[in-house]
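Open the model in your viewer and keep the selection panel at hand. The stops below say what to select next and what is there.

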Amino acid sequence: MADKSLIGCSLGVTTALVETGRLRFFAKAIGETDPVYTDEAAAEAAGYPSLPVPPSFLMCLEAEGRDSDHIVEGIFGFDLGRILHAEQGFTYHGMAFAGDVLTFDTRVVDVYEKKGGALTFVVQETRVSNQDGRHIADIRSSLVQR
Amino acid sequence: MSLPRFNDLQVGFELPPLVLPAVNRTTLALYAGASGDHNQVHIDLDFARKARQPDVFAHGMLSVAYLGRLLTAWVPQTSVRSLSVRFTGITQLGHIPTCSGRVIEKFEADGETRVRLAIRCGNQYGDEKLIGEAVVAIA
């Protein structure tokens with residue numbers, strides 16, 4: 001079971017290529033109809049180099065190349081059937097676009113309990129940077145086991 | 001897109017709400033594929049029942065994506081400085097996600113004029129599912 005000794009633990013550094021087709025698929029999945037997110041000409045007309053990565057999609061790319069089941073079960077000691085996403089936050093310093101290669105550096109920043117230990121929370125933070133070393137965003141995620 | 005102006009925006013201003021189609025199994029299949037989140041509790045009814053849920057239910061991040069759409073339908077994404085939420089309820093099949101946002105503070109930071117928004121995603125019954133805040137830079 002997760003305890004405070006996990007705080008500071010690195011969950012690894014991964015990279016992900018932002019693929020145009022994946023961005024179009026994501027836009028379809030969330031019902032996004034603004035052509036900026038699916039049509040390169042519209043994106044360029046809006047002043048973007050290519051299709052932008054929408055605000056929450058960074059977290060999907062963060063999960064690529066990671067064995068999230070292993071992290072949740074093997075490292076946190078959680079039961080996959082009992083966990084819920086508790087909180088999610090993004091702070092943006094720049095934008096990412098199709099064709100970028102993003103690097104995700106993730107670590108555990110907090111572990112705590114509520115309701116006398118009935119709920120255990122693990123909080124992780126990820127620094128996102130692009131292929132030019134530009135700091136794109138920070139992602140904060142909190143999982144809870146019930 | 002006609003851009004909001006900092007001087008014209010008042011605390012209490014409500015963003016145009018975003019009302020989505022009812023969540024169904026296709027919604028969840030598409031979101032699982034596109035997001036890469038294949039947690040079985042969103043995909044496989046048998047697994048969901050073993051996890052003591054009545055049925056599969058929506059990914060929380062699907063509603064975060066909808067809240068992202070609420071913001072980027074209002075301002076260009078280059079203006080979005082932060083987006084954070086707490087998940088307070090489960091979005092079940094048949095729920096109609098409804099996103100709203102309201103200006104709660106006007107301030108300056110890092111040489112920019114910004115507004116802080118209270119954001120929320122609920123369903124057609126008025127039940128709250130996600131609650132959070134966003135910060136947007138407005139000239």
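Start with the enclosed space: two cavities of 30 Å³ or more are found in this predicted model.

**Stop 1: the largest cavity**

The largest cavity has a volume of about 50 Å³. Select Leu80(A), Gly81(A), Ile83(A), Leu84(A) and Arg146(A), then add Asn39(B), Val41(B), Ala51(B), Gln53(B) and Phe57(B). Those residues from chains A and B form its lining. How does the lining divide into nonpolar, polar and charged residues? Six are nonpolar, three polar and one charged.

**Stop 2: the second largest cavity**

Here the volume is about 30 Å³. From chain A, pick Ile30(A), Glu32(A), Tyr37(A), Pro54(A), Pro55(A) and Ser56(A). From chain B, add Ala65(B), Gly68(B), Arg69(B) and Thr72(B) to complete the lining. Five of the lining residues are nonpolar, three polar and two charged.

**Stop 3: helix H3 of chain B**

Keep Ala65(B), Gly68(B), Arg69(B) and Thr72(B) selected; they are among the buried residues of H3(B). Now extend the selection to residues 60–72 of chain B, which make up helix H3. The helix has 13 residues. From first C-alpha to last, H3(B) reaches 19 Å, close to the 18 Å expected at 1.5 Å a residue. Is this helix mostly covered or mostly open? Mostly covered: twelve of its 13 residues are buried. Others on the buried list include Met61(B), Leu62(B), Tyr66(B) and Leu70(B).

**Stop 4: the largest pocket**

Move on to open space. The largest pocket has a volume of about 1200 Å³. It is lined by 49 residues, and the closest to its centre are Ile83(A), Leu84(A), His85(A), Leu143(A) and Asp37(B). Ile83(A) and Leu84(A) also line the largest cavity. Which element gives the most to the pocket lining? Select residues 83–92 of chain A: strand E2 gives the most, with five residues. The whole lining divides into 24 nonpolar, 16 polar and nine charged residues.

**Stop 5: the second largest pocket**

This pocket has a volume of about 170 Å³. Its lining has 14 residues. Centre the view on Tyr92(A), Gly94(A), Met95(A), Gln77(B) and Val80(B), which lie nearest the centre of the pocket. Nine lining residues are nonpolar, four are polar and one is charged.

**Stop 6: chain A as a whole**

Hide chain B for a moment. Chain A comes to four helices and five strands. Trace its elements from the N terminus: they run β-α-α-α-α-β-β-β-β. Along the principal axes, the C-alpha atoms fill a box of roughly 55 × 30 × 25 Å. Of its 146 residues, 51% count as buried. Now look at contacts between residues at least 6 apart in sequence: 70% of these in chain A join residues at least 24 apart.

**Stop 7: Arg140(A)**

Select Arg140(A), in strand E5 (residues 135–145) of chain A. The residue is partly exposed, with a relative accessible area of 39%. Which side chain makes a polar contact with the side chain of Arg140(A)? Glu125(A) does, at 2.5 Å. Next, show Glu87(A). It is 53 residues from Arg140(A) in sequence, yet their C-alpha atoms are 7.9 Å apart. Beyond four places in sequence, Arg140(A) is also in contact with residues including Gln88(A), Gly89(A), Val109(A) and Val123(A).

**Stop 8: His95(B)**

Bring chain B back. His95(B) is found in the loop between strand E2 (80–87) and strand E3 (98–109) of that chain. Is this histidine buried or exposed? His95(B) counts as buried because its relative accessible area is 11%, under the 20% limit. Show its partners more than four places away in sequence: Pro21(B), Ala22(B), Val23(B), Ile90(B), Asn123(B), Gln124(B), Tyr125(B) and Lys129(B).

**Stop 9: two positive phi values**

Finish with two loop residues of chain B.

- Arg52(B) is in the loop between helix H2 (45–50) and H3. Its phi is near 65°, a positive value in a residue other than glycine. Arg52(B) counts as exposed, at 69% relative accessibility.
- Asp110(B) is in the loop between E3 and strand E4 (112–122). Phi is near 50° for Asp110(B), again a positive value in a residue other than glycine. Asp110(B) is exposed, with a relative accessible area of 70%.

Note on methods. Residues numbered from 1 in each chain as written. Chains lettered and ligands numbered in written order. Predicted model: local features only at pLDDT ≥ 70, side-chain atom pairs only at ≥ 80, totals over all residues. Heavy atoms only, no water. Expected span 1.5 Å × (residues − 1). Buried < 20%, exposed > 50% of the residue type's maximum accessible area, 1.4 Å probe, protein only. Contact = heavy atoms within 4.5 Å. Polar contact = N/O pair within 3.5 Å; in protein donor to acceptor, adjacent residues only side chain to side chain. 1 Å grid on protein atoms, 1.4 Å probe; cavity = no way out; pocket = protein on both sides within 12 Å on 5 of 7 lines; lining within 4 Å. Points joined across faces, edges and corners; volume = space filled by probe spheres on them. Nonpolar A, V, L, I, M, F, W, Y, C, P; charged D, E, K, R; others polar.
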